Amino acid sequence: VEAATWPDDLKGHGITAYSNWHYTNIPLNDNGVAIACNATPEIDVIWAIGQARSILGNPKSTDAEKGQFLAFLIHFVGDLHQPLHSTSMYTNALPGGDMGGNLFPLKDSIHTNLHKLWDDGCGYFDRFGKVDRAAGPEVWKDTIEAIAKAVTQAYPAKSIMGLDQLDPEFWALESHNDAVNFGYKGVQSVDGSRKIYLKPNDTPTALYLEVARKIVERQIASGGYRLAMI
């Protein structure tokens, strides 16, 4: 639990050297906006996962280096399975992109933008309660195990297509498709045969969140299984 969250703790300490390592950027550009040729960074979460695996497999790496990059590996595999860490939407209003939904505002008192909503699992974790890291594992151990049990029962390994694909570029494309189809273009309501999709400044509806939580649950399972495999 501590290792998995440590790379985000660094941000809270004002350490920004690793900020680009948390995401990649496959553009969503339905409006044909002219975007920079380097919109997808070379140093990104895909690169960082490769670096972590290389350092962990290098006999010359020290234990301290391996400890640091094991924490990075755990965190970044998780990040890449969060759809909004793979995508940025480009529009005429935001020709530089919306920073993975950080500039996609929502009318939500808890989640002020689309990225925050998906970072928080679209409410998936609410029924389990919060994990208070400061309280220690004797307090949060049961919560973590309850989440793991729910996720693996809902999505056994054999039920997930492409699970044995261990290339982070594949994970990025998979997450990007989820971001487009269920994040940016998630269905808010259905009026007869007409679907109404999420727009900036909307409040996510129960329908949107219900579908999104299923994607969240599957992605948690996929990320966990793949992390175990590598």
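Start by selecting helix α6 (residues 168–184) together with helix α7 (residues 206–229): their axes come within 11 Å and cross at roughly 170°. Since an angle over 145 degrees counts as roughly antiparallel, α6 and α7 are therefore roughly antiparallel to each other. Keep in mind along the way that this is a predicted model.

Now show the side chains where the two helices meet. On the α6 side, pick F170, W171, E174, S175, D178, F182 and G183; on the α7 side, pick Y208, V211, I215, R218, Q219 and R226. Colour this α6 and α7 contact by residue class and you will find six nonpolar, three polar and four charged residues.

**Next stop: Q219**

Stay on helix α7 and centre the view on Q219, which is found there. Is Q219 buried or exposed? Its relative accessible area is 4%, and a value under 20% means buried, so Q219 is buried. Which residues does Q219 contact, once neighbours within four places in sequence are left aside? Select H81, E174, S175 and D178 to see them. Among these, E174, S175 and D178 also belong to the α6 side of the contact with α7.

**Across to α5**

Keep α7 on screen and add helix α5 (residues 137–154). Here the axes of α5 and α7 are 9 Å apart, and the packing angle is about 100°. That makes α5 roughly perpendicular to α7. To look at the meeting point, select A150, V151, T152 and A154 in α5, then E217, I220, A221 and Y225 in α7. By class, this contact has six nonpolar residues, one polar and one charged.

**On to α3**

Now bring up helix α3, residues 63–80. A ruler between its end C-alpha atoms should read 25 Å; at 1.5 Å a residue the 18 residues of α3 should span 26 Å, so the two values agree.

Which residues of α3 are buried? Highlight F69, A71, F72, L73, H75, F76, V77, D79 and L80. To see what covers these buried residues, turn on the surrounding elements, including α1 (2–12), α2 (45–56), α6 and α7.

Take α1 as a partner for α3. The axes of α1 and α3 are 7 Å apart, and the two pack at an angle of about 95°. The helices α1 and α3 are therefore roughly perpendicular to each other. Select A3, A4, T5, W6, P7, D8 and L10 of α1 against Q68, A71, F72, I74 and H75 of α3 to display their contact. Its residues divide into eight nonpolar, three polar and one charged.

**Zoom in on F76**

Within α3, centre on F76. With 0% relative accessibility, F76 counts as buried. Which residues does F76 touch, not counting those up to four places away in sequence? Show W21, H22, V45, A48 and I49. Then draw a C-alpha to C-alpha line from F76 to A172: the two are 96 residues apart in sequence and 11 Å apart in space.

**Last stop: the cysteines**

How many disulfides does the structure hold? The count is zero. Finish by comparing the settings of C37 and C122: C37 counts as exposed, at 85% relative accessibility, whereas C122 counts as buried, at 1%.

Terms used: Residues numbered from 1 in each chain as written. Predicted model: local features only at pLDDT ≥ 70, side-chain atom pairs only at ≥ 80, totals over all residues. Heavy atoms only, no water. Axes fitted to C-alpha atoms, helices over the stretch in contact; angles between N-to-C directions. Helix = DSSP H or I, 4+ residues; strand = E, 2+ residues; numbered from the N terminus. Parallel < 35°, antiparallel > 145°, perpendicular 65-115°, else oblique. Contact = heavy atoms within 4.5 Å. Nonpolar A, V, L, I, M, F, W, Y, C, P; charged D, E, K, R; others polar. Buried < 20%, exposed > 50% of the residue type's maximum accessible area, 1.4 Å probe, protein only. Expected span 1.5 Å × (residues − 1). Disulfide = S-S within 2.5 Å.
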